[in-house]
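Please look through the sequence and the structure shown below. The explanation after them is meant for a reader who has not met this structure before.

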Amino acid sequence: MKVRDRPPLTPLWALPCLLLALATRGGAEDAPTYPVWDADAQEQLVCRRCPPGTFVHRPCSRGRPTACRPCPPQHYTQFWNYLERCRYCNVICGENEEEARPCSAVHNRACRCRPGFFELSGFCLEHAPCLPGYGVVALGTPTQNTQCQLCPPGTFSANSSSTEQCQPHRNCTALGLALNVPGSPFHDAMCTSCPGFPLSIPESGAPWDWRGAGTEECERALVDFLAFQNLSFRRLLQLQQALAGPGAWRPLPPREDRVSLQQQLWQQLTELREARPGALVEGLLQALQAAGLPRMERAVRKRFLPAP
C-alpha cells in the first residue's frame, strides 16, 4: 500500500503572510469592518479590518481595499484590527517565572510560575512545605499552594516537605520486635529487641552492674524512649540542661517547636552514648534526678532496669 506524503507544516514565521493571503482572498462579508472618512471623496467609507498578525498599512478608498502588512519581529496584533502599527511584545517574565508562550505575530508573550511556585495576586510564591505532623494531600500547582492535613491516627510525617504524604507507623509485632515508643503524628513507632538491660552478677558486697551482652541495643532503645516521650517543652528543656551540665549552652528552637527540641535531645543523648559506651544509664538517671523528673526516672527504671 502506498503511503501518501504528508504536506509540509507551515513554519511560524510564515503565519502572518498566510493570514494576510487568506484575508485578501476572503469575501468582504467574511471580515469585520470599520468606518473611514475619505477626505478626497468627502464621504464615509466602510473598510475591512486587517487580520491578526497584521496591521493597516493603508486604509481603503473608493477604488482599492484596505492594505495590510505583517507585524515586524517582537510585535503582534491578536484580533482583527485597524491599527496603524502592531503592538510591542512588552511582557517580560520576572523572578520565579518562566516563558509559557513566546511572543509571536498573533499574541504577546505569556509567563507562568516556574515549578515549585504558584501565582498569588500577581506574584510567584514558593510552595509551602507541610510541617512535621502534617502530610501533603494535594501537591502545589502553578495556581495553588500545597495542601496539608494533620496526619490521622496510625500515620506520621517526621519532616517538613512539600511532596511527602503521611506514612503508616511501623508494625513492631509483625517485625518480631517489641514496641519501645508508640508512634505519633510527628514520628514513627520505634521498635527494639531489648527487653531490659542485662545484669552482670556482682561479687558479694559489690553494686549491681547493668552492663553486659545486649547493652548497646538497650542503650539505643533508652535514647529513643527518653527523647520521644510526650513531655512538655519546659520539662524537655530541663532535661537537656541537666544532661549538658552547668554553664553549657545550646541554641534553642522557638518555644512552640517541641519537635525540634526532641530532635536536639535525641542527638545529645546519642552523643553521650557514643562517648561513653555502657555508661549511659547511670548518667541518665542522675540527670533525671537533677532535672526534677521523678516520674520519668521511675518509667525508665520500670522499662529498662529489672529489679535485682
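The paragraphs that follow treat a helix, a charged surface patch and a loop in turn.

The model is a predicted one. A convenient place to begin is helix α5, which covers residues 280-290. Within this helix, L280, V281, L284, L285, A287 and L288 are buried. When the helix is viewed down its axis, these buried residues fall within an arc of 160°, and they therefore line one face of α5. The face turned away from this buried side carries E282 and A290, both of which are exposed.

The next feature lies on the surface. R234, R235, R295 and R298 together form a positive patch. Two helices contribute to the patch: α3, spanning 233-244, and α6, spanning 294-304, each supply at least two of its residues. R234 is located in helix α3. Its relative accessible area is 45%, and because buried means under 20% and exposed means over 50%, R234 is classed as partly exposed.

The last stop is a loop. Strand β4 occupies residues 67-70 and strand β5 occupies 75-76, and P73 lies in the loop between them. Is P73 buried or exposed? With a relative accessibility of 72%, P73 counts as exposed, because the cut-off for that class is over 50%. P73 may also be placed relative to C89, which is 16 residues apart from it along the chain. The C-alpha atoms of P73 and C89 are separated by 9.2 Å.

Notes: Residues numbered from 1 in each chain as written. Predicted model: local features only at pLDDT ≥ 70, side-chain atom pairs only at ≥ 80, totals over all residues. Heavy atoms only, no water. Patch = residues over 30% accessible without salt bridge, like charges linked within 9 Å, V, L, I, M, F, W, Y side chains within 5 Å. Areas by Shrake-Rupley, 256 points an atom, 1.4 Å probe, with all protein chains shown as cover. Salt bridge = Lys/Arg side-chain N within 4 Å of Asp/Glu carboxyl O. Lys, Arg positive; Asp, Glu negative; His and termini not counted. Charge placed at Lys NZ, Arg CZ, Asp CG, Glu CD. Helix = DSSP H or I, 4+ residues; strand = E, 2+ residues; numbered from the N terminus. Buried < 20%, exposed > 50% of the residue type's maximum accessible area, 1.4 Å probe, protein only. Arc of directions from axis to C-beta.
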